Amino acid sequence: SQIEFSTGSSRPIAIIAFDFNNDSLLDIATANYGTHSISIFYGYDHGNFSPPITYSTGYDSLPSSLAAGDFNNDNYLDIAIANYGTNSVGVLFGNSNRTFEQQITFSTGVGSHPYSIAVGHLNADNFLDIAIANSGTHQIDVLINNGNTTFTNQAVYSNNSTTPYAIDVGDFNEDNRLDIVITNNGIENIGILLGYGNSSFKNPIMYSTGSDSSISVAIGDLNKDHRLDIVVVNNDTGSIDIFLGQYEGFLNQTNYPTGSYPYSVVVGDFNNDTRLDIVVANSGSNNVSVLLGYGNGSFAKETKYSVGTFPSSVAVGDFNNDTRLDIVVANSLSNDTSVLLGYGNGSFAKETRYSVGTVPQSVAVGDFNSDAQLDIVVANDRSKDVSVLLGYGNGSFAKETRYSVGSQPYSVAVGDFDNDTRLDIVVANLGGNGVSVLLGYGNGFFATATNYSVGSLSTSVAVGDFNNDTRLDIVVANFNSDGVSVLLGHGNGSFAEPTRYLVGSSPESVAVGDFNNDTRLDIVVVNSWSDDVSVLLGYENGSFAKETKYSVGTFPSSVAVGDFNNDTRLDIVVANSLSNDVSVLLQYNRGEIAHKMTYASGGGSSLQCVVIGDINNDTNVDIVLANYGTNNIGTLFGYGNGSFENQMMLSTGSNSHPASIAIGDFNGDSVVDIAVANYGTKEVGMLLGYGNATFASQTSEGISFDSRPLAMASGDFNNDKRSEIAIIYDRNDNVDIFVAYNRGSFVKETRYLVGSSPRSVAVGDFNNDTRLDIVVANPDSNDVSVLLGYGNGSF
C-alpha cells in the first residue's frame with residue numbers, strides 16, 4: 001500500500017540517504033530550502049520511514065546542499081550543510097540515540113553564498129574535512145577538521161572570478177591524495193584543484209566544456225583504465241560532457257655525473273631515510289657511484305667505491321640481515337663479484353670478492369634454498385653458464401655452483417615461474433637469440449635449462465605478471481631487432497610463444513613497473529643507439545600499447561624504476577655510458593584530463609532524458625537519449641574506452657515527443673529492450689532488442705492512456721524474469737503498473753494512487769525482502785510516495 005512522507009511546504013532541494021542510526025537500514029535527509037531546515041526520515045525494517053525530525057539551520061539560511069560523514073570519529077554519522085543564505089557551513093553531530101546536536105556553524109565569509117559541499121580526507125589526520133563551492137565570492141574553501149567538533153584553518157582558493165556551482169572530490173592524478181573538481185556557472189569550463197595531501201591544493205586547472213551552465217558533476221571510471229573520469233551535465237546546451245583521465249608521462253630528464261662508462265643502475269634506500277637512492281656500476285673507472293636521494297626527485301653528489309675490473313652489473317639486498325642494504329657487483333674482466341656491506345648511513349664497507357665464471361655480465365639476488373638468507377646468481381657470458389652462490393646470512397657466500405645455459409648469457413633475473421614457492425632463474429642469451437629457464441628445487445639446486453626463442457640478440461630480461469593471472473611472465477630486450485619480446489607464463493614453468501613490440505634503436509635494458517597506476521604492469525626499455533627510453537603501457541590481457549619515447553643521455557645502457565619524489569608515482573633512472581651520467585625522469589603529477597567529446601542530442605531535439613546501460617550485450621556501457629523535439633530515440637553504443645559511436649536514431653512516431661525512457665528485458669528473451677513514454681501521443685512505445693545493436697520498430701500495443709506520461713521506470717516486480725513498467729502522468733495523481741506478456745506487449749495497467757502531480761519515479765528494494773518497490777516524487781504535495789511490492793506484480 002501507499003506510504004507518503006510529507007515535508008510540508010519546505011521545498012526540499014537536496015536529498016541524501018545514509019544509515020544515521022547504525023541499524024543497517026537507510027535513512028533519508030533532506031535540505032529544506034523553503035523552511036530553513038533539514039529533515040531526517042529514519043527507515044524501519046518493514047520499508048516504512050518515521051515522521052520527519054526537523055532541525056533548524058537558522059533564520060534565512062536557505063540550505064542548498066548536504067553531505068554526511070563521521071567528523072568526530074565516534075562511529076555516528078554527522079551532517080554538514082551548505083547554508084547559502086547565511087554564508088556558513090553548519091554541522092550537526094550525531095548522537096547514539098537517533099538525535100543530532102544543535103547546529104554548529106562555521107563562516108564561509110561575507111557574501112560567499114556556499115552552494116555545494118563535499119567531504120573527504122583532505123589531509124593525513126584521519127578526520128573528514130569539508131570542501132565548499134562559494135558561488136558568491138567565486139572561491140573554493142576548505143575547512144580543516146580538528147577532530148574535536150571544530151573546524152579551523154580555512155583555506156581559500158580563487159576561481160578566477162567565475163561562479164563555482166557543484167563540487168566533488170576524487171583522486172584524479174592517482175597519487176593517493178584527494179583532489180577537488182568544480183563546475184562553473186556563467187563560463188565554459190570546469191576546474192580541478194590537485195591536492196598535496198596536507199589539506200592544501202594547487203590553483204584550479206581549467207578545462208573547457210562549451211557550456212555556460214554546467215550544473216552537475218559526477219565522477220567514475222568510464223573506460224576501465226582505473227583512472228577517474230568526469231561527466232558534466234549542461235542544462236543550457238542539453239548535453240553532457242565527458243572528460244577522461246589521462247596518463248601524462250614523464251618530465252624532461254635531469255642528469256647527474258657518475259664515473260666513467262656507467263653501465264648498470266639500480267635503486268634502494270641505502271641510508272634508511274625512506275628516500276630512494278641510486279647506485280651505478282661504472283665499467284670504465286672500476287667503481288660504483290652512490291647518489292643519495294633528497295626525496296624530492298633530486299640527488300646528492302656521487303660517492304664512489306672501488307670494485308673489480310670492468311663492473312657490468314649491480315644489484316642490492318640485505319646479505320647480512322642487519323636491515324641495511326648491501327651491494328653486489330659483477331666484474332666482467334676480473335671474473336668475480338664484489339660484495340659491499342652497507343652501514344645504513346649511505347656509506348659502504350670495502351668490497352669482498354668471490355670468484356665466478358668467465359666474463360660475468362649480470363647479477364641478481366634471491367633466496368634459492370629457502371633458508372631466509374639471500375643468495376646470488378651471476379650470468380657468465382663466455383663460459384655459457386650461471387653461477388649460484390648461496391649466502392650464509394652474515395654477508396659471506398659459499399663457493400659457486402654452475403649451471404649451463406645458452407650462448408653468451410647476458411642478463412639474469414629470478415622469479416617463481418611454476419608457482420611452487422621456489423625461486424627459478426631466467427637468463428637472456430645474447431648469442432643464442434633466446435632465454436633459458438632453470439626451475440629451482442628450493443634447496444639451492446636447479447633443473448636443466450629449458451630454452452625459448454625470442455628476437456635477435458637478447459640483451460636484457462625482466463619478469464612480472466603482465467596479464468594479472470597470478471603467473472609470472474617474461475619480457476626480453478632484443479638488440480638487433482629493435483623490439484621487446486613478451487612471453488606469457490602458463491604457471492607451470494613453461495611459456496607461450498613470444499609477442500613482439502617495436503621500440504627504439506638497439507634496446508639494451510628492460511624494466512617493469514606500473515607507471516600509470518592502473519594495476520597493470522608496464523614496460524620501460526632503454527634504446528642505446530637512439531638515446532631514449534620507450535615506455536609501453538600494459539593492457540589487462542598481457543598486451544601493450546604503442547611505445548612513447550623520452551630522450552635521455554648518450555648511449556643509455558641500463559634502466560631502473562622507483563618513486564624518487566614520494567608522490568606515489570614511479571619514476572625512471574637511466575645509466576648513460578658515453579655521457580658518463582645518469583638521467584632521472586620524474587612523472588608528471590597534474591591529474592591531466594581530456595575533453596573526450598560532447599554528446600549533443602541533435603538540433604531541436606530538446607533532450608528530456610538520458611539512461612545508460614549495455615543494450616547490445618558487449619559488456620560496454622551505452623547511452624540512450626529521449627529526443628522530445630525530434631520525435632525519436634538516440635542510441636550511442638560505447639566502445640568501452642570512454643568513446644561512443646555516432647548517435648543512431650529510432651523513430652517514436654509523428655508528434656510523439658518522447659519524455660522518458662526505461663530499459664529492460666520486457667519479453668523474456670534475455671535481450672535488453674527499450675520502453676519510451678511518449679508525451680505527445682499519450683502512449684508507451686516498445687522497441688524490442690535483437691541483441692546486436694538493432695531494434696524492432698516501435699509498437700505501442702496494450703499501452704495507451706488519457707493523460708500525458710511524464711516519467712517511467714522498469715523492474716521485475718513479480719519475479720517472472722521479465723521487466724514491468726511503472727508510469728506517472730502530467731497532472732494525474734497516480735502511478736500505473738504494466739505487466740508484460742511473453743511477446744513484449746503489456747496487459748492493461750493496474751493503477752495506484754500517489755501524491756499530487758507526481759513528477760519522477762524510481763524503483764529499488766526498500767525493505768530488503770528481495771522484492772522491488774516503487775518511489776514517486778510529488779512536487780505539488782511536497783512528499784514522496786513509497787509502494788512496497790508483494791513480489792507478484794501488486795503493491
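Colleague: Are F368 and F446 buried or exposed?

Modeller: Both F368 and F446 are buried, and I should add at the outset that we are reading a predicted model. The ring centres of F368 and F446 lie 5.5 Å apart with planes at 75 degrees, and because planes over 60 degrees apart count as edge-to-face, the pair is given that name. This pair links distant parts of the chain, with F368 in the loop between β30 (360–366) and β31 (375–380) and F446 in the loop between β36 (434–438) and β37 (450–453), 78 residues apart.

Colleague: How many aromatic pairs does the count come to by this rule?

Modeller: The count comes to 22 aromatic pairs. Among them is the pair of Y261 and Y263, which is stacked because the ring centres are 5.9 Å apart and the planes stand at 15 degrees, under the limit of 30 degrees for that class. As for accessibility, Y261 is partly exposed at a relative accessible area of 24%, whereas Y263, at 11%, counts as buried.

Colleague: Which residues form one aromatic cluster with F18?

Modeller: F18 joins F20, Y55 and F100 in one aromatic cluster.

Colleague: Turning to charge, how should I read the salt bridges, and how many does a search of the whole structure find?

Modeller: The general idea is that side chains of opposite charge can pair when their charged atoms come close. A search of the whole structure finds 8 salt bridges. One of these joins the side chains of D336 and R353, with an N to O distance of 3.4 Å, and this pair links distant parts of the chain, since D336 sits in strand β28 (residues 336–340) and R353 in strand β29 (residues 352–355), 17 residues apart. D336 is buried, with a relative accessible area of 7%, while R353 counts as partly exposed at 40%.

Colleague: Which residue forms a salt bridge with R353 at 3.1 Å between the closest N and O atoms?

Modeller: That residue is E351, which counts as buried at 17% relative accessibility. Elsewhere, E540 forms a salt bridge with R520, their closest N and O atoms being 3.3 Å apart. The pair of E540 and R520 also links distant parts of the chain, with E540 in the loop between β44 (532–536) and β45 (548–551) and R520 in the loop between β42 (507–513) and β43 (522–527), 20 residues apart. R520 counts as buried, at 8% relative accessibility. Returning to R353, salt bridges that share partners join D336, E351 and R353 into one network.

Colleague: What is the nearest side chain of opposite charge to D326, and how far away is it?

Modeller: The nearest such side chain is R324, 7.9 Å away from D326. Because a salt bridge requires the side-chain nitrogen to lie within 4 Å of a carboxyl oxygen, D326 has no salt bridge, although D326 is buried.

Colleague: Where is D326 placed, and which backbone nitrogen lies 2.6 Å from a polar atom of its side chain?

Modeller: D326 lies in strand β27 (residues 326–331), and the backbone nitrogen in question belongs to G342. Leaving aside neighbours within four places in sequence, D326 is in contact with A315, V316, G317, D318, F319, N320, L340, L341, G342 and F348.

Methods:
Residues numbered from 1 in each chain as written. Predicted model: local features only at pLDDT ≥ 70, side-chain atom pairs only at ≥ 80, totals over all residues. Heavy atoms only, no water. Helix = DSSP H or I, 4+ residues; strand = E, 2+ residues; numbered from the N terminus. Buried < 20%, exposed > 50% of the residue type's maximum accessible area, 1.4 Å probe, protein only. Lys, Arg positive; Asp, Glu negative; His and termini not counted. Polar contact = N/O pair within 3.5 Å; in protein donor to acceptor, adjacent residues only side chain to side chain. Contact = heavy atoms within 4.5 Å. Phe/Tyr/Trp six-rings, centres within 6.5 Å; stacked < 30°, edge-to-face > 60°.
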